[in-house]
Amino acid sequence: MGSITPFNIAVPDAQLEQLHQKLEQAAFPDELDEAGWGMGVPLSEMKRLVTTWREKFDWRTQEQKLNEQLKQFTVPVSVDGFGELDIHVVHHRSGSPRAIPLLFIHGWPGSFLEATKLIPLLVENDDGPAFDVVAPSLPNYGFSEGVQKKGFGLAQYAETLHKVMITLGYEEYVIQGGDWGSMIARTMAQYYAQHIQAIHLNFILVTPPLPWRSPLRFFHSLASVPFSAKDRAAIARTVDYALRGNAYMKQQATRPQTLGYSLHDSPVGLLAWIYDKLHSWSDNYQWTDDEILTWVSVYYFSRAGPTASTRIYYEASASKPESKTTEGNGKEEQTITNWMMISEVLAASAQYNVRFAVAQFKEEIVQWPIAWYRSIGNVVQEKEFDRGGHFAAWEVPELLASDLKEFLGKGGPAYEAVRGKDGY
């Protein structure tokens with residue numbers, strides 16, 4: 001196995017030249033009058049962003065800022081059945097001998113960029129515990145190596161990230177995750193519970209407590225009926241997502257390769273595909289053009305290419321995660337067709353020693369009454385926020401950092417979960 005190596009982002013000139021050539025040749029579809037955002041990204045928005053990308057946006061400036069701001073490395077890990085992968089990692093140590101090791105896991109269409117606003121809020125211990133922050137690019141994302149064969153599902157993502165933490169010297173650690181990061185974190189808790197004592201989630205998928213699936217949980221849920229206005233709004237948002245907002249997921253879970261030709265060949269197609277989510281999944285966050293274009297450029301210049309990032313949907317939907325524990329978990333073959341069913345499998349195998357905090361932000365794409373989240377395991381902290389969306393670490397990093405510190409700090413329900421046992 002290779003060694004941990006310092007890393008700087010350095011996109012080849014040839015890739016930049018190719019990007020600008022493609023942007024010069026961009027052609028746009030027409031648009032219905034007064035379509036707005038109702039049918040997708042408006043034509044005026046796309047033309048403006050493409051013009052900015054072509055004429056004003058300076059990737060080299062953004063690249064330099066990231067290299068100066070972030071301590072980056074590649075960490076080689078061996079994944080069972082897939083050989084060795086080089087994983088790109090942002091790793092900031094606080095300098096405190098009692099720092100809490102925190103693994104930050106992004107999802108799609110996120111990246112390691114989401115951790116950049118959190119890091120300065122977490123590495124200092126002025127108002128609570130200090131953290132050593134580890135923010136990898138998932139395999140197939142960003143500047144991590146891509147996977148070359150089928151079958152790389154949640155178990156393999158979990159194995160990869162656990163081995164990253166072990167290689168960096170962290171035998172025990174906590175996790176923060178949203179989007180796929182939430183599902184990978186719960187998978188890691190299933191497999192590596194002896195190493196993971198606490199997990200903070202800001203995207204929580206559960207199966208509603210239907211009476212024929214979980215009679216006891218259904219009975220307890222009746223205590224909150226009739227639902228509050230907040231609960232009704234949460235359920236309505238989830239129903240809207242299920243009916244009108246998840247076509248991207250169905251495409252990526254069933255035909256990622258077909259979609260991939262467009263994402264790989266057309267920077268305009270990639271921009272539209274990702275910007276649609278940045279806009280519709282955030283809570284009126286005022287995205288700057290530089291933010292949008294840097295975010296999309298990380299996908300365009302990614303080591304494995306943007307198609308690779310979509311395959312997690314296909315692989316996670318293909319088969320259920322298998323537990324590596326020896327008690328109470330069979331290997332029954334079962335097809336998992338959506339996130340909620342995957343969540344149900346993980347909840348059934350949850351390890352009680354792992355403490356969970358759940359944070360629900362105002363404009364999260366999937367929401368339930370917060371009490372329903374207790375089905376995922378040993379939930380010891382619940383919080384609802386009146387602002388923030390799917391990209392909480394980017395939109396409202398101060399709220400997410402504060403919630404993490406409350407969860408893991410002195411007096412918090414996961415205090416002394418790992419290190420920091422003498423206080424801060």
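Mentor: Let's start with a cut-off: a residue is exposed when its relative accessible area is over 50%, buried when that value is under 20%, and partly exposed in between. Keep in mind that this is a predicted model.

Trainee: Okay, what makes Glu-55 count as exposed?

Mentor: Its relative accessibility is 54%, and the cut-off for exposed is over 50%, so Glu-55 gets that label.

Trainee: And why is Arg-54 called partly exposed?

Mentor: Arg-54 comes out at 22%. Partly exposed covers the range between buried, under 20%, and exposed, over 50%, so the label for Arg-54 follows.

Trainee: How do you know that Glu-55 forms a salt bridge with Arg-54?

Mentor: The closest N and O atoms of Glu-55 and Arg-54 are 3.2 Å apart. The rule asks for a side-chain nitrogen of Lys or Arg within 4 Å of a carboxyl oxygen of Asp or Glu, so this pair passes. A search of the whole structure turns up 20 salt bridges.

Trainee: What makes Glu-159 and Lys-163 a pair about one helical turn apart?

Mentor: Both sit in helix α5, 4 residues apart, which means a separation of about one turn. Their side chains meet in a salt bridge at 2.7 Å, N to O. Glu-159 has a relative accessible area of 4%, so it is buried, while Lys-163, at 25%, is partly exposed.

Trainee: Which parts of the chain does the salt bridge between Asp-403 and Lys-383 link?

Mentor: The closest N and O atoms of that pair are 3.1 Å apart. The bridge links distant parts of the chain: Asp-403 is in helix α16 and Lys-383 in strand β9, 20 residues apart. Asp-403 is buried at 1%, and Lys-383 is partly exposed at 24%.

Trainee: Why is β9 called an edge strand?

Mentor: Look at the whole sheet before that. It is open and mixed, with 9 strands in the order β1-β2-β3-β5-β4-β6-β7-β8-β9. β1 and β9 each have a single partner strand, so one side of each is left without a neighbour in the sheet.

Trainee: What makes β3 mostly covered?

Mentor: Of its 10 residues, 7 are buried. As for partners, β3 runs antiparallel to β2, joined by 8 bridges, and Gln-72 stands opposite Val-90 there. β3 also pairs with β5 in the antiparallel sense over 4 bridges, where Val-89 stands opposite Pro-136.

Trainee: How do you know that β3 and β5 count as paired?

Mentor: At least two bridges are needed, and β3 and β5 have 4, so they qualify. β6 and β7 pair as well, over 5 bridges, but in the parallel sense.

Trainee: What makes the phi of Glu-34 worth a look?

Mentor: Most residues other than glycine have a negative phi. Glu-34 has a positive one, near 60 degrees. Its place is the loop between α1 and α2, and at 83% relative accessible area Glu-34 is exposed.

Trainee: Is Asn-140, with its positive phi, buried or exposed?

Mentor: Asn-140 is at 4%, and buried means under 20%, so Asn-140 is buried. Its phi is about 80 degrees, and Asn-140 lies in the loop between β5 and α5.

Trainee: Why is the peptide bond from Trp-108 to Pro-109 called cis?

Mentor: Its omega is near 5 degrees. Pro-109 is in the loop between β4 and α4.

Technical notes
Residues numbered from 1 in each chain as written. Predicted model: local features only at pLDDT ≥ 70, side-chain atom pairs only at ≥ 80, totals over all residues. Heavy atoms only, no water. Buried < 20%, exposed > 50% of the residue type's maximum accessible area, 1.4 Å probe, protein only. Helix = DSSP H or I, 4+ residues; strand = E, 2+ residues; numbered from the N terminus.
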